[in-house]
Amino acid sequence: MTATRVMHSSHWGAFSALRQDDRLEIAPFSGDPDPSPLLKNFDNALRHPIRLSTPMVRRGWLENGPGPTDRRGADEYLAISWSEAYALAAAELQRVAADGGPEAVFGGSYGWSSAGRFHHAQSQVHRFLNTTIGGYVRSVNSYSSGAASVILPHIVGDMNEIARRGVSWKEIARYSEVVLSFGGLALKNSQVASGGLSEHTERGFIQQAAQRGTQFISVSPLQSDLPEEARGEWLAIRPGTDAALILALLQVLKQRQWSDEDFLARYCVGWDKLVAYLNGEEDGLVRDAAWAAEICAIPAARIEALAEQLHGRRVIISMAHSLQRAEHGEQPVWLGLVLAAVLGQPGLPGGGYAYALGALGHYGKHHNLVSFPALPQGTNGIDRLIPVARISDMLLHPGETFNYNGRQLTYPRIKLAWWAGGNPFHHHQDLARLRRAFSRLDTLIVHEIAWTATARHADIVFPATLTLEREDVGGAPTDRHLIAMQRVALPYGAAQDDYTIFSELARRLGKETAFTEGRSAREWQAHLYQQMQDKLQQQGVRVPDFELFWQRGVLALPQVEDGGRLLRNFRADPGQHPLPTPSGKIEIFSATIDSFGYADCPGHPVWLAPQQQADDRHPFYLIANQPASKLHSQLDFGCYSVSQKRDGREVCRIHPDDARDKGIEEGDIVEISNQRGTVLASAALSRQVMPGVLQLPTGAWYDPVDPLAERPLCRHGNPNVLTLDIGTSSLSQGCSGQITVVQIRRYEGKAPQVRAFELPRIVAVR
Ligand SMILES: Nc1nc2c(c(=O)[nH]1)N[C@H]1C(S)=C(S)[C@@H](COP(=O)(O)OP(=O)(O)OC[C@H]3O[C@@H](n4cnc5c(=O)[nH]c(N)nc54)[C@H](O)[C@@H]3O)O[C@H]1N2
Ligand SMILES: Nc1nc2c(c(=O)[nH]1)N[C@H]1C(S)=C(S)[C@@H](COP(=O)(O)OP(=O)(O)OC[C@H]3O[C@@H](n4cnc5c(=O)[nH]c(N)nc54)[C@H](O)[C@@H]3O)O[C@H]1N2
Ligand SMILES: [Mo]
């Protein structure tokens, strides 16, 4: 490749790159006021030995044929040629589809993949399965917002309106008096947005607001969830108990006659039913501050004082995604909205509910007038689905029924799963159970850039190019720069991009034209660009043709100031702009949810004690949150990610008092365990963690000492060894991996060395 500086983009930022003499030099996009350190993870990624250089087949699968087996995750691999790999995969897909139809193929392929919108691996899998075998069993919703995305439409409107088009940062910086944030506004999280991000603006807006006098209050088990720039107040809360806190706040507001009854009467339904619950009219239990204090570990007087801090002020309530990634995760989402309503704030400038503000770089932004189109996925001929986090349940319980959002569905009988651009051994809970679930398959096919644990469980592994090794177009609908992702380096080894892999497979299945429509990757990108250009033209905006865009590398797009429009319009004229709920109003009581009859998600918000509570055997709450040093598990072997580990292990934070009780010192290797397994990590003592809580981020590649163990030991520090694999509730069946309960102790003896970035056994190169 010639040594010229080219543009590129990633979920954590746009940048330019220069590759010279095997050295990669990356400079953040010149317009980015606050670039992300995650860019450093690219520095050593291109030629890292853990990359996949050639197609691989699992020995047991090749020798014994497809079928359930315990060997996935523990077997050796054979390096094979592309033509062999294509032939094996195409024949196997044909076999499974002929026997069981698309109902036997799981193509959910959840995962973030890379920022380029054309080589978006998940869209490529879907399009491939639709055009070749007529469809696949799909997954719905996300690990991010499984509960919120299902409950919000029942009670207020589509999640994208509430989160992506929520009250903007700009408006908050200008008008909000109080920002009450549950789960904080950590800048480590907002540095990321799917599709790419050219400007990191959250820090600046928080600074502006704080300088104007906005009071930030962060309710969270971790002080570090609120940036220092906010100069805010930290209210430490026991994990998983925010619903109880908010119920008590509502009770105090009502009792002191601080509830905005006019707003509630005009814009909401069901307040009376919730008030009856707060007053314990049926069960005699009053949900007051004293009641909540016992549950959430915030003193009653502090809860009362918080109600006072909110009363009569312009308040915006934000709620991190994390609160709903937990048992009964629907409740805090619902109650955050109710609290905003009881304060009469929705629809006011800088007031109301900003669900998930700061959880990602998408939120609190404005939308482009026209967004870059997605790759069309074709038509899925079958209508079989699972909520995304029910993957293990599906594989372990085929034919069994389950509840989901008012429906009773049946788990299909899956023979083959196809995964590209996701890492279930990163994202799913209870990894030993996930391994058992994957052992039920006939075949698992994975496309990966490197030997992740998911690749190590696959029967056929296709080596995919890293984003830097191909051309694409990067751009999120809330980012005002479209980036020409120019090629930085040649592919590693024999790696191919996902589109080429699927095109070749489609050809072998006699469906090449249906899949490619005769277009090369570059032609697809130009074609998608053209669609955007045409739509802009219809709105009177002229932009350069694709070729010129490509040469320039960046295109600035016009935006619309659409933040908060749903609730603003509704407040201005509820008759003309009703909400898209059955009542047209905010539903504090939902007749629809009530009619489902779910004990774990009744018709109005409630406090339901989680099944996971600290006890003598598991005295600590473990917070398994997003990692600061990478995006999920991506480039865990990258420079920056590795620099934040200690002894090669992930770092677990613990309060100094707890550490002293346990005889744990800074830098000790600790063993964190429960009935599902054990992980090793390096202990860091921190007063930013509340007592009784441990924090171990997700993202360390799963590295079990014995992959087949019932209770595995992960040397590297992957918290999903420990998390419980249950849905949030019968309503949304979302992921509940954020919190679990564990024991911790110092590891005695010589700890096993981390092996996550060493190759599996590859027995022969043919
Ligand atoms: N305990 C717990 N678990 C969680 C969470 C939590 O809070 N706690 N959070 C959850 C959340 S919100 C999410 S979104 C998920 C994230 O889960 P995932 O999205 O599955 O995680 P990633 O690491 O982003 O996985 C993307 C994979 O795609 C690969 N990849 C990148 N580019 C390409 C490409 O071009 N082609 C191909 N074929 N592969 C590519 C990467 O190497 C990586 O392995 O995790 C969830 N899991
Ligand atoms: N650097 C980086 N940024 C990311 C990601 C990443 O992997 N790396 N992932 C991105 C993705 S896909 C998503 S969906 C978002 C996720 O956004 P979130 O889910 O909001 O992010 P988390 O960091 O998991 O959680 C935020 C904080 O919530 C707090 N918290 C946990 N449980 C509770 C609770 O019960 N009550 C209260 N009040 N607080 C609690 C924790 O202290 C935690 O640090 O992040 C995005 N941003
Ligand atoms: Mo997510």
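Which polar backbone atom is 3.4 Å from a nitrogen atom of ligand 2? I looked it up, and the backbone atom belongs to G183. Before going on, I noted to myself that this is a predicted model.

**Entry: ligand 2**

I stayed with ligand 2 and went through its side-chain contacts. D242 has a polar side-chain atom 2.6 Å from a nitrogen atom of ligand 2. S322 does something similar with an oxygen: an N or O atom in its side chain is 2.7 Å from an oxygen atom of ligand 2. Then I checked how covered the ligand is. On its own, ligand 2 would expose 910 Å², and the protein buries 99% of that.

Next I wanted to know who sits around it. I found 32 residues surrounding ligand 2, with D225, G240, D242, S322 and H632 as the closest. So D242 and S322 turn up in my contact notes and in that closest group too.

I sorted the shell around ligand 2 by class and got 15 nonpolar, 12 polar and 5 charged residues. I also asked where those residues come from. Domain 2 (158-365 + 564-580) and domain 3 (620-746) each give at least three residues to the shell.

**Entry: ligand 1**

Over to ligand 1. How many residues surround it? I got 33, and the closest are H427, E448, D498, S633 and N720.

I wrote down three contacts, each to an oxygen atom of ligand 1. An N or O atom in the side chain of S633 lies 2.5 Å from one. For R325, a polar side-chain atom is 2.9 Å away from an oxygen atom of the ligand. H632 also has a side-chain N or O atom that lies 3.0 Å from an oxygen atom of ligand 1. I looked at cover here as well: ligand 1 taken alone exposes 920 Å², of which the protein buries 99%.

Two elements give two or more residues to this shell, namely α16 (424-427) and β19 (443-448). By class I have 7 nonpolar, 22 polar and 4 charged residues around ligand 1. At least three shell residues come from domain 1 (56-143 + 371-471 + 492-539), and at least three come from domain 3 (620-746).

I put a mark next to H632 in my notes. H632 is among the closest residues to ligand 2, and its side chain also makes the contact with ligand 1 that I wrote down above. I marked domain 3 as well, since it turns up in the shell of ligand 1 and in the shell of ligand 2.

**Entry: the sheet β1-β2-β3**

Time for strands. A reminder for myself: strands of a sheet pair through backbone hydrogen bonds, either parallel or antiparallel.

Which way does the pairing go here, parallel or antiparallel? It is antiparallel, in an open sheet of 3 strands with the order β1-β2-β3. The edges are β1 (6-10) and β3 (23-28), each pairing on one side only. On average, neighbouring strands are turned by 35° against each other, ignoring direction.

I zoomed in on β2 (residues 13-20), which is joined to β3 by 6 bridges. One facing pair I picked out is S16 with A27 in β3.

**Entry: the sheet β21-β22-β23**

I found another open sheet of 3 strands, with the order β21-β22-β23 and antiparallel pairing. Its edge strands are β21 (472-474) and β23 (554-556), and each of them pairs on one side only. The twist from one strand to the next averages 20°.

How many bridges join β21 to β22? I got 3, with β22 covering residues 481-485. I traced one of the pairings by residue: V473 has A484 in β22 as its bridge partner.

Definitions and conventions
Residues are numbered from 1 along each chain as its sequence is written. Chains are lettered from A and ligands numbered from 1 in the order in which they are written. This is a predicted model: local features need pLDDT of at least 70, side-chain atom pairs count only at pLDDT 80 or more; totals for chains, interfaces and linings use all residues. Side-chain values use heavy atoms; hydrogens and water are left out. Two strands pair if DSSP finds at least two bridges between them. Helices (H or I, at least four residues) and strands (E, at least two) are DSSP runs, numbered from the N terminus. Axes are lines fitted to C-alpha atoms, for helices over the stretch in contact, and angles run from 0 to 180 degrees between N-to-C directions. A residue is near a molecule or strand if one of its heavy atoms lies within 4 Å of it. A polar contact is a pair of N or O atoms within 3.5 Å; within protein, one must be able to donate a hydrogen and the other to accept it, and residues adjacent in sequence count only if both atoms are side-chain atoms. Accessible areas come from the Shrake-Rupley method with a 1.4 Å probe; for residues, only the protein chains shown count as cover. Ala, Val, Leu, Ile, Met, Phe, Trp, Tyr, Cys and Pro count as nonpolar, Asp, Glu, Lys and Arg as charged, and the others, Gly among them, as polar. Domain bounds come from an automatic or database domain assignment.
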